[in-house]
Amino acid sequence: MLRFRPILADHELTEQQWRVLRALSNADRPVDVGELADTTFLLGPSLSRILSNLDQRSLINRRADPSDQRRSMISLAAKGRRLVARIAPKSENEYAEIERLLGPDKLRELLGLLAELSATSPTTIESTEELAS
């Protein structure tokens, strides 16, 4: 990911935002928030912020269910599809290299840990760092 970050930075994307865009691109159909969370390993509060940002940038389409926000259907907007098409070839090469080095199980485990960390509040992270020292 360190080698891939400059590519994402050029497009003002985080790794988590990229994971969401790729998951939507791979699904090739609208998905609900629960399915997206399972696919990207991102937890509720973190995923919610990411979706809001991507929606504001017109990279995704959200069709909300007024009775239950978790049932919102999300898909890539045309602008999001163009962005994925520009970045994906570089992403796939980097991801394949990382998966080759770590193995699919280790990579899945690390993505899960990153999802947990991204959902942790800054206060919790500071407390954890204090405990570690």
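Begin by selecting L113 in this predicted model, where the residue is partly exposed, with a relative accessible area of 44%. L113 is found in helix α6, and its company on the surface is worth displaying at once: together with L101, L102 and L110, L113 forms a nonpolar patch whose accessible area comes to about 340 Å². If you colour by secondary structure, you will see that the elements giving two or more residues to this patch are α5, which spans 78-102, and α6, which spans 104-118.

Stay on α6 and select K106 and E109, which both lie in this helix, three residues apart, or about one turn of the helix. K106 forms a salt bridge with E109, and the closest N and O atoms of the two are 3.8 Å apart. As a general point, side chains of opposite charge can pair when their charged atoms come close. K106 is partly exposed at a relative accessible area of 38%, and E109 is likewise partly exposed, at 44%.

How many salt bridges does a search of the whole structure find? The search finds two, and the other stop is therefore E35 with R29, whose closest N and O atoms are 2.6 Å apart. With 28% relative accessibility, E35 counts as partly exposed, while R29 is partly exposed with a relative accessible area of 41%.

Now zoom out to the whole chain before going inside. The protein has seven helices and three strands, and reading along the sequence you meet them in the pattern α-α-β-α-α-β-β-α-α-α. About 8,300 Å² of the protein is exposed, and 53% of that area is supplied by carbon and sulfur atoms. Of the 133 residues in the protein, 35% are buried. Among contacts between residues at least 6 apart in sequence, 57% join residues at least 24 apart.

Next, select the three strands, which form an open sheet in the order β1-β3-β2 with antiparallel pairing. Which strands stand at the edges? They are β1 (31-32) and β2 (60-63), and each has a single partner strand, so one side of each is left without a neighbour in the sheet. Between β1 and β3 the antiparallel pairing runs over two bridges; to follow this pairing, show V31, which stands opposite I74 in β3, and then D32, which stands opposite M73 in β3. On the other pairing, four bridges join β2 to β3, again in the antiparallel sense, and here N61 can be shown standing opposite S75 in β3.

From the sheet, move to the interior. In soluble globular proteins, nonpolar side chains tend to be buried together. The largest nonpolar core of this model has 24 residues, and those with the most contacts inside it are L13, V20, L21 and L36. The elements that give two or more residues to this core are α1 (5-10), α2 (15-27), α3 (33-40), α4 (44-56), β3 (73-76) and α5. Of these, α2 gives the most, with five residues.

A useful selection within the core is L21, one of the residues with the most contacts there. What does L21 touch, once its neighbours within four places in sequence are left aside? Displaying the side chains around L21 should bring up L13, L54, L59, I60, L76, L83 and V84, with each of which L21 is in contact.

For a last stop, select L42, whose place is in the loop between α3 and α4. Is L42 buried or exposed? At 1% relative accessibility, L42 counts as buried. Add L111 to the selection and draw the line between the two C-alpha atoms: L42 and L111 are 69 residues apart in sequence, and this C-alpha to C-alpha separation is 8.7 Å in space.

Note on methods:
Residues numbered from 1 in each chain as written. Predicted model: local features only at pLDDT ≥ 70, side-chain atom pairs only at ≥ 80, totals over all residues. Heavy atoms only, no water. Patch = residues over 30% accessible without salt bridge, like charges linked within 9 Å, V, L, I, M, F, W, Y side chains within 5 Å. Areas by Shrake-Rupley, 256 points an atom, 1.4 Å probe, with all protein chains shown as cover. Salt bridge = Lys/Arg side-chain N within 4 Å of Asp/Glu carboxyl O. Buried < 20%, exposed > 50% of the residue type's maximum accessible area, 1.4 Å probe, protein only. Core = buried A, V, L, I, M, F, W, Y, C linked by side-chain atoms within 4.5 Å. Contact = heavy atoms within 4.5 Å. Pairing = 2+ DSSP bridges.
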